[in-house]
Amino acid sequence: SQRKTEIKNMTMKKLNLLSLLFIASTIVGCHNTTTKNTTTDAGSSNEETQEAVETNNETLRLTTMKLTDKKWQEIKSGYDKLTKAQNEIMDGEYYEGSLYINLSGIATPDDVSLGGMIVYYKLKEQNYRFLPDNEYAERIKYVFGIDLNAPDALDKKKLKSHENYIVALNPNPDMDSKDNIQDKEFYPYRNHLYFFKKFNICVMQMPSALLLEIDKNTDKDHINVYKSAFDYHWNNYILNDNKASLAWLVSNGKEMEVKDLLFCFGYDKDAKLNKLILDSISNNANDRYSIESLEQVFAGRDLNGKLQIHENLLKFIQENPTNDYVKMLDIYGNYCLGEKTDCKFTRDESFKIAAYITYYLKLIDLENDKRSGSDEYLIINDMLFRIIGALEDKEGNQRDDEGEDSKFLKEIIKNDYYNLPNFKEMVYGLVNDYRNIGYSSEAVD
C-alpha cells in the first residue's frame, strides 16, 4: 500500500542515522583475530585526563583498517546478511514502521566480533588512548565488578562468554524483565554491554557491520563509518576516567546510560557521578524524595546477587551534606525499617541499609559544628530520632511493655555493628538521648 511504502521510505532514512546505534554506545572488549598490540597503542594511565576530542567529518573514513581480502569479505558478507534481514522485516506483512528491528534470529557472535573490530578502528582514528591489557582488566573490575581474567567464575545468567568477547546481558532490571534475555542477545537496541578484551574497549548495544556505510563502490581500503562520538566518550570516561567525556555524555542525552553505572553495577566511586545522580533527584519536583526515585541509589545487588550498599555515595553525602541529600537518607532509612511486601531486599538486608544510613546521618550530625555554623543541618536531629525510634520499639511502632530491644537493634548487635567505626557508641548514645529527652514516635513524625 502507499502508506506502507511511505513508512518504509521514512524508516530507511532514519535507519541510516540509527545504524550507528547498533554499536554506538558500549563497553567492548575482545579477543578478535586481527590488528593491534594493546600495550604499544596505550598511553600512560597515570595521566590526569586526555582532552575529549571528536571528528568534525560527517563520516569517518577508516583508511587504516588494512583488511585482508578474507576479512573484508567477512565484513561485506555480514553487512549484506543483516541489511537483507532488515529489508525483509520491513517488507513483512506485520511491519508497522518500527525502528526497533529485531535481528536476534539473524545476527551471530561473529557479527558482533566484526563490529567490535570496527569500533576499535574508529576509536583509533579518533586518537583514543587505549589502556594496556592489565590496566584495562583492572578498570573493568573497578567499575563493573567483572573479572575478565576469570571467565569461568562469571554468572552465566548475567554474563555470557563468547570466543572474542564477553557480554553483560541487559543489566537494567527494569527492562524487558519478563523476556528470555539470552534469546534476545542480538537485539541491536537492547542495552547489553560488550567487553572486547583484545581491543581493550567497551561498547553498549550490539556492534555489527551495520555501523559502516557500504555501497557498490566501497572497497576494503575506502570504508566509511557512521559518525558517532558516543563510543569515544563512553570509553574515555569508563576506562580513562575522563571527566570532560562524562560532561559530554550527560549534555548529549546519555545521562541514563551513565546513571546505570550506579544503578546496575554499583559504581559509586566517582564524586561527579554521585553528585549528578543526587542532584537529578533533588531537582525533580515531580518525584523528589519518592521511594521509586531512591530505590536504586543507596543500595543494590552485585552481579552475584549479593547486597551491595553504595557506601562511597553515603560518604559523598557525609562530605557534601545538603538538606535535600539528608532528607533522601531519612526517607529511605525509614522506608527500610517499615513493613513492606514489595521491597527487593530481605528484612535483614533492609535493616543493614538502615543501619548504614543511621551511621552516616550521625557522622554528618557530629560534623555540623565544624561547618558554617548555620542551622541548615539541624533537621538531622529529628531524622535521627525518628530512626532511633525504631531502635527503641519492637515492631517499628512502639517499645513493648517489657522493654525488649527492637528487632532493628537486635540485628545491629547480632552483626557486631557491621564493623562500622564507633557505631556501637553512637547507637547507645542515641538511644540514651532518645529516652532522656522523652521523644515519642508522635513527637517526631
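The buried residues of helix α5 pack against β4 (193–196), β5 (201–204), α6 (230–238) and α8 (255–265), and that packing is my starting point today. A contact here means heavy atoms within 4.5 Å. Buried means under 20% relative accessible area, exposed means over 50%, and partly exposed lies in between, with a 1.4 Å probe and protein chains only. Helices (H or I, at least four residues) and strands (E, at least two) are DSSP runs, numbered from the N terminus.

Before going further, please note that this is a predicted model, in which local features need pLDDT of at least 70 and side-chain atom pairs count only at pLDDT 80 or more, while totals for chains, interfaces and linings use all residues. Residues are numbered from 1 along each chain as its sequence is written, and side-chain values use heavy atoms, with hydrogens and water left out.

Let me stay with α5. Its buried residues are Tyr136, Ala137, Arg139, Ile140, Val143 and Phe144. They lie on the same side of α5, because they cover an arc of only 165° around the axis; the arc is that of the directions from the helix axis to the C-beta atoms. In general, an α-helix has 3.6 residues a turn, so residues three or four places apart point the same way. The length of α5 also agrees with expectation: its 12 residues, 133–144, should span 16 Å at 1.5 Å a residue, and the end C-alpha atoms are 16 Å apart. The expected span is 1.5 Å times one less than the number of residues. After α5 comes Gly145, which has a positive phi near 75°.

I turn next to β4, one of the elements against which α5 packs. Which residues cover the two faces of β4? Leu193 and Phe195 lie on one side, Tyr194 and Phe196 on the other, and all are buried. Strand β3 (residues 166–168) is joined to β4 by 3 bridges and runs antiparallel to it; two strands pair if DSSP finds at least two bridges between them. Within that pairing, Val167 stands opposite Tyr194. A further 4 bridges join β4 to β5, again antiparallel, with Phe196 partnered by Ile201 of β5. The hairpin of β4 and β5 has 4 residues between the strands, and Asn200 takes a positive phi near 55° there.

Beyond β5, the loop leading to β6 contains Gln205, a residue other than glycine whose phi is positive, near 75°. Gln205 counts as buried because its relative accessibility is 10%. Tyr418 offers another case, with a positive phi near 55°. Tyr418 lies in the loop between α15 and α16 (423–437) and is buried at a relative accessible area of 9%. As background, most residues other than glycine have a negative phi.

A separate set of 3 strands forms an open antiparallel sheet in the order β1-β7-β6. Its edge strands, β1 (59–61) and β6 (212–213), each pair on one side only. Between β6 and β7 (residues 224–226) there are 2 bridges, and Leu212 has Val225 as its bridge partner in β7.

Two serines deserve mention. Ser245, in helix α7 (residues 243–251), is buried with a relative accessible area of 0%. Its C-alpha atom is separated by 9.9 Å from that of Ala229, 16 residues apart along the chain. Ser406 sits in the loop between α14 (379–392) and α15 (407–414) and is likewise buried, at 0%. For Ser406 and Gly389, 17 residues apart along the chain, the C-alpha separation is 9.2 Å.

Helix α11 (residues 311–319) has Leu313, Leu314, Phe316, Ile317 and Gln318 as its buried residues. They pack against α8, α9 (271–282), β9 (307–309), α12 (323–337) and α13 (347–366).

Finally, the chain as a whole. There are 17 helices and 9 strands, and buried residues make up 51% of the 445 residues. Of the contacts with a separation of 6 or more, 73% involve residues 24 or more positions apart.

As for confidence, pLDDT is the predictor's confidence in each residue, from 0 to 100. The chain has a mean pLDDT of 78, and 71% of its residues reach 70 or more. Over residues 394–403, however, the pLDDT is below 50, and this stretch has 15 contacts in the model beyond near neighbours in sequence. Residues 439–445 also stay under 50, with 12 contacts beyond four places in sequence.
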